[in-house]
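User: I am new to this structure and would like to understand how its labels are justified. Could you go through them with me, setting values against definitions?

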Amino acid sequence: MKKNKWLPRILVLLVLAGALSMTVTLAAEPGSSKDPLVTLSYLNETFMDSILQKVDQKIAERNSQLSQQLGGQAGGTSGTAASFTVVTLSSGQTLTGDIGCEVMLRVGTAVCVSPSSPGLIDESSAATLNNGGALVQNHLYMMTIEGRGVKATAATTKLLVRGSYTVA
């Protein structure tokens with residue numbers, strides 16, 4: 001007779017457990033913290049789109065900031081360029097770069113200005129250029145010591161410059 005009392009209790013317990021399980025399952029929203037299962041379609045269609053939109057927005061904001069910072073400096077008497085910018089010099093003007101500044105002669109002629117050796121490092125030919133030496137067009141030069149620069153010897157000289165510099 002004791003076995004018969006346990007059978008109804010087990011059945012009642014199973015029915016209550018099933019009802020509780022259904023209640024929890026129906027109450028949880030798909031993808032919420034209560035139901036963390038994430039499908040591939042959710043990742044591809046919803047999540048990736050929102051992430052890409054946020055990344056695009058951040059890139060646009062950063063590009064806007066950089067263009068504002070560099071906008072007025074390209075043709076001025078001093079500047080800092082994260083990428084190459086065109087600087088035009090008249091005959092006799094000197095561009096002096098900070099350490100790490102790079103220049104490339106594109107139009108006209110120019111010479112190295114340096115109080116001591118070495119003047120400029122010619123990255124294209126792996127050589128040095130001393131004071132008074134003529135720059136070769138389309139060669140990339142780097143200033144590795146303070147006080148190095150480039151003096152224009154043509155009426156119009158155009159340089160591509162990357163880094164901090166001043167024009168006098």
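User: Where is Ala126 placed, and what makes Ala126 count as exposed?

Analyst: Ala126 sits in the loop between β5 and β6 (127-129), where strands are DSSP runs of E with at least two residues, numbered from the N terminus. Its relative accessible area is 72%, and exposed means over 50%, buried under 20% and partly exposed in between, with a 1.4 Å probe and protein chains only, so Ala126 is called exposed. This is a predicted model, in which local features need pLDDT of at least 70 and side-chain atom pairs count only at pLDDT 80 or more, while totals for chains, interfaces and linings use all residues. Residues are numbered from 1 along each chain as its sequence is written, and side-chain values use heavy atoms, leaving out hydrogens and water.

User: Why is Asn138, in the loop between β6 and β7 (140-142), called partly exposed?

Analyst: The relative accessibility of Asn138 is 42%, which falls between the two cut-offs, and therefore Asn138 counts as partly exposed.

User: What is notable about phi in Ala126 and Asn138?

Analyst: Phi is near 60° in Ala126 and near 70° in Asn138, each a positive value in a residue other than glycine. Most residues other than glycine have a negative phi.

User: What makes a set of residues a nonpolar core, and which have the most contacts inside the largest one?

Analyst: The term means buried Ala, Val, Leu, Ile, Met, Phe, Trp, Tyr and Cys residues joined through side-chain atoms within 4.5 Å. The largest such core has 19 residues, and those with the most contacts inside it are Leu95, Val103, Leu120, Val150 and Val161.

Terms used
Helix = DSSP H or I, 4+ residues; strand = E, 2+ residues; numbered from the N terminus.
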